[in-house]
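Take a look at the chain shown below. Keep the sequence beside you as you read.

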Amino acid sequence: VQLQASGGGLVRAGGSLRLSCAASGSIFSINAMGWYRRAPGKQRELVAAIFSDDSINYADSVKGRFTISRDNAKNTVYLQMNSLQTEDTAVYYCNIDSDWYDYWGQGTQVTVSS
């Protein structure tokens with residue numbers, strides 16, 4: 001099973017983007033689905049995650065601006081990003097954590113210009 005992320009691009013500050021990440025096959029026993037990012041010169045950080053009990057965590061820096069959601073039937077996770085800031089520029093990676101394996105997407109570039 002592979003994860004295919006899409007939706008990245010170049011946007012002006014204040015704009016919006018929606019990232020999608022779809023699994024190529026079925027994944028069972030999912031614990032969490034999430035998005036991480038790595039900005040130039042920085043470590044990878046968790047942006048948002050949604051868990052099997054429907055609880056959600058957001059990084060403090062994106063609270064109120066980003067929304068994570070999922071479609072369980074499609075094994076797809078989304079990240080709606082509003083009010084984008086230049087500090088959000090990074091490569092965004094989707095992740096699906098299951099009991100059996102930790103799946104990662106290939107990364108999609110998000111660039112926010114001032």
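This briefing walks through the core, the disulfide, some single residues and the rings. The model is predicted. It holds 1 disulfide and 2 aromatic pairs. Its largest nonpolar core has 29 residues.

**The nonpolar core**

- In soluble globular proteins, nonpolar side chains tend to be buried together.
- Seven of the 29 residues in the largest core touch the most other members: Leu 3, Trp 35, Val 47, Phe 66, Leu 79, Met 81 and Tyr 92.
- Many strands feed this core, each with at least two residues: β1 (3–6), β3 (17–23), β4 (30–38), β5 (45–51), β7 (66–71), β8, β9 and β11 (108–113).
- Met 81 belongs to strand β8. Its relative accessibility is 0%, so Met 81 counts as buried.
- Beyond its neighbours up to four places away in sequence, Met 81 touches Gly 15, Ser 16, Leu 17, Leu 19, Arg 65, Phe 66, Tyr 92 and Val 110.
- Met 81 and Arg 65 are 16 residues apart along the chain, and 6.2 Å separates their C-alpha atoms.
- Leu 3 has contacts outside the four places on either side of it in sequence, among them Cys 21, Ile 27, Cys 94, Tyr 103 and Trp 104.

**The disulfide**

- Which two cysteines does the disulfide join? The partners are Cys 21 and Cys 94, with an S to S distance of 2.0 Å.
- Cys 21 lies in strand β3 and Cys 94 in strand β9, so the bond ties together parts that are 73 residues apart in sequence.
- The torsion about the S-S bond of Cys 21 and Cys 94 is about 55°, so this disulfide is right-handed.
- Cys 21 is buried at 0% relative accessibility. Cys 94 is buried too, at 0%.
- Leu 3 is in contact with both Cys 21 and Cys 94.

**Next to Cys 21 in sequence: Ser 20**

- Ser 20 sits in strand β3.
- Is Ser 20 buried or exposed? Its relative accessible area is 18%. Buried means under 20%, so Ser 20 is buried.
- Leaving aside neighbours within four places in sequence, Ser 20 contacts Gln 4, Ala 5, Ser 6, Trp 35, Val 77 and Tyr 78.

**The loop between β8 and β9**

- Asp 88 is found in the loop between β8 (76–81) and β9 (90–98). Ser 83 has its place in this loop as well.
- Asp 88 is buried, with a relative accessible area of 1%. Ser 83 is partly exposed, at 40%.
- The side chains of Asp 88 and Arg 37 share a polar contact of 3.0 Å.
- Past the four places on either side in sequence, Asp 88 is in contact with Arg 37, Arg 65, Phe 66, Ser 83, Val 110 and Val 112.
- Ser 83 touches Gly 14, Gly 15, Ser 16, Arg 65 and Asp 88, again not counting residues up to four places away.
- Ser 83 and Ala 13 are 70 residues apart along the chain, yet 6.9 Å separates their C-alpha atoms.

**Positive phi angles**

- Which backbone angle stands out at Ser 83? Its phi is near 50°, a positive value in a residue other than glycine.
- Asp 54 is not a glycine either, and its phi is positive at about 75°.
- Asp 54 is placed in the loop between β5 and β6 (56–58). Its relative accessible area is 53%, so Asp 54 is exposed.

**Rings and charges**

- A pair of aromatic rings is described by the distance of the centres and the angle of the planes.
- Tyr 101 and Tyr 103 form one of the 2 aromatic pairs. Their ring centres are 4.9 Å apart and their planes stand at 65°, so the pair is edge-to-face.
- How exposed or buried are these two partners? Tyr 101 counts as exposed, at 51% relative accessibility. Tyr 103 counts as buried, at 14%.
- Tyr 103 is also among the contacts of Leu 3.
- The charged end of Arg 18 sits over the ring of Tyr 78, 4.1 Å from its centre.
- The charged end of Arg 44 sits over the ring of Tyr 36, and here the distance to the centre is 5.5 Å.
- Tyr 78 is also one of the contacts of Ser 20.

Conventions:
Residues numbered from 1 in each chain as written. Predicted model: local features only at pLDDT ≥ 70, side-chain atom pairs only at ≥ 80, totals over all residues. Heavy atoms only, no water. Helix = DSSP H or I, 4+ residues; strand = E, 2+ residues; numbered from the N terminus. Buried < 20%, exposed > 50% of the residue type's maximum accessible area, 1.4 Å probe, protein only. Polar contact = N/O pair within 3.5 Å; in protein donor to acceptor, adjacent residues only side chain to side chain. Contact = heavy atoms within 4.5 Å. Phe/Tyr/Trp six-rings, centres within 6.5 Å; stacked < 30°, edge-to-face > 60°. Lys NZ or Arg CZ within 6 Å of the ring centre and 35° of its normal. Core = buried A, V, L, I, M, F, W, Y, C linked by side-chain atoms within 4.5 Å. Disulfide = S-S within 2.5 Å.
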